[in-house]
Amino acid sequence: MSVGTPGTSGVRSRLASASGKRPAPISIYRALDFLVDQGLVHRLASRNAFMACGQAHQAHEMVAFLICDVCGSVSEVASQPMRQSLTALAQEIGFAARDQIIEVTGRCATCQDSALAHKEG
């Protein structure tokens with residue numbers, strides 16, 4: 001999935017193109033909030049973008065997004081050990097987590113291979 005996934009204005013433009021009608025921004029926000037609450041869509045806060053959920057997990061289960069700085073690809077991963085570790089850390093300091101979403105930026109395997117090929121070539 002690409003980080004080119006739309007924010008609210010992009011969603012609004014796509015809907016306008018598809019239907020010929022431009023929905024009110026509040027309608028887009030409400031629809032996206034509903035989809036996020038249902039676990040069908042995730043918000044990437046660092047990119048101010050939304051993407052469809054690619055995993056079968058609970059709506060508020062911990063999810064990590066691995067975002068490539070070069071090509072913009074996004075991998076969605078869920079990890080039970082990661083969730084357990086962060087839950088334990090939060091409990092140690094008496095913190096009650098509401099949502100557990102982690103965004104990690106770096107380079108995907110394809111972009112690492114491409115950079116390596118350019119160095120060698």
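## A salt bridge between two loops

A salt bridge is a side-chain nitrogen of Lys or Arg within 4 Å of a carboxyl oxygen of Asp or Glu. In this predicted model, Arg-47 forms such a salt bridge with Asp-69, and the closest N and O atoms of the pair are 3.6 Å apart. Arg-47 lies in the loop between β1 and β2 (49-52), while Asp-69 lies in the loop between β3 (63-68) and β4, so the pair ties together parts of the chain that are 22 residues apart in sequence. A search of the whole structure finds one salt bridge.

With regard to its surroundings, Arg-47 counts as partly exposed, because its relative accessibility is 30%. The loop between β1 and β2 also holds Asn-48, whose phi angle is near 50 degrees, which is a positive value in a residue other than glycine.

## The chain as a whole

The chain contains four helices and five strands, and, read from the N terminus on, these elements follow one another in the order α-α-β-β-β-β-α-β-α. Of the 121 residues of the chain, 24% count as buried. The accessible surface comes to about 8,100 Å², and 54% of that surface belongs to carbon and sulfur atoms.

Contacts can also be sorted by how far apart the partners stand in the sequence. Among the contacts in the chain with a separation of 6 or more, 45% are accounted for by residues 24 or more positions apart.

## Two helices at the start of the chain

Leu-15 has its place in helix α1 (residues 8-19), and Ile-28 has its place in helix α2 (residues 25-37). Leu-15 counts as partly exposed because its relative accessibility is 39%, whereas Ile-28, at 4% relative accessibility, counts as buried.

Although Leu-15 and Ile-28 are 13 residues apart along the chain, their C-alpha atoms are separated by 9.6 Å. Ile-28 can be compared with another residue in the same way, since the C-alpha atoms of Ile-28 and Val-11, 17 residues apart along the chain, are separated by 7.4 Å. When neighbours within four places in sequence are left aside, Ile-28 is in contact with Thr-8, Val-11, Arg-12, Leu-15 and Pro-23. Counted in that manner, Leu-15 touches Gly-20, Lys-21, Pro-23 and Ile-28.

## A buried glutamate and its partner

Glu-76 lies in strand β4 (residues 74-77). Side chains of opposite charge can pair when their charged atoms come close. Glu-76, however, is buried and yet has no salt bridge, for the nearest side chain of opposite charge, Arg-83, is 14 Å away. What joins the side chains of Glu-76 and His-42? The two side chains are joined by a polar contact of 2.9 Å.

His-42, the partner in this contact, is found in strand β1 (residues 41-44) and counts as buried because its relative accessibility is 7%. Apart from residues up to four places away in sequence, His-42 touches Ala-49, Phe-50, Met-51, Cys-53, His-57, Val-63, Phe-65 and Glu-76. With the same kind of neighbours set aside, the residues that Glu-76 touches include His-42, Met-51, Cys-53, His-57, Val-63 and Phe-65.

## Phe-65 among the strands

Is Phe-65, which lies in strand β3, buried or exposed? Phe-65 is buried, because its relative accessible area is 0%. The C-alpha atoms of Phe-65 and Glu-76 are separated by 4.7 Å, although the two residues are eleven residues apart along the chain.

If neighbours within four places in sequence are left aside, the contacts of Phe-65 include His-42, Leu-44, Met-51, Glu-76 and Val-104. These partners can be placed along the chain, for His-42 is found in strand β1, Glu-76 lies in strand β4, and Val-104 has its place in strand β5 (residues 101-106).

## A nonpolar patch on the surface

Unlike the buried Phe-65, its contact partner Val-104 is partly exposed, with a relative accessible area of 38%. Val-104 forms a nonpolar patch on the surface together with Leu-66 and Val-77, and the accessible area of these residues together is about 200 Å².

Notes
Residues are numbered from 1 along each chain as its sequence is written. This is a predicted model: local features need pLDDT of at least 70, side-chain atom pairs count only at pLDDT 80 or more; totals for chains, interfaces and linings use all residues. Side-chain values use heavy atoms; hydrogens and water are left out. Helices (H or I, at least four residues) and strands (E, at least two) are DSSP runs, numbered from the N terminus. Buried means under 20% relative accessible area, exposed over 50%, partly exposed in between (1.4 Å probe, protein chains only). Lys and Arg count as positive and Asp and Glu as negative; His and the chain ends are not counted. A polar contact is a pair of N or O atoms within 3.5 Å; within protein, one must be able to donate a hydrogen and the other to accept it, and residues adjacent in sequence count only if both atoms are side-chain atoms. Contact means heavy atoms within 4.5 Å. Patches are made of residues with over 30% relative accessible area and no salt bridge: like charges are joined within 9 Å, nonpolar side chains (Val, Leu, Ile, Met, Phe, Trp, Tyr) within 5 Å. Accessible areas come from the Shrake-Rupley method with a 1.4 Å probe; for residues, only the protein chains shown count as cover.
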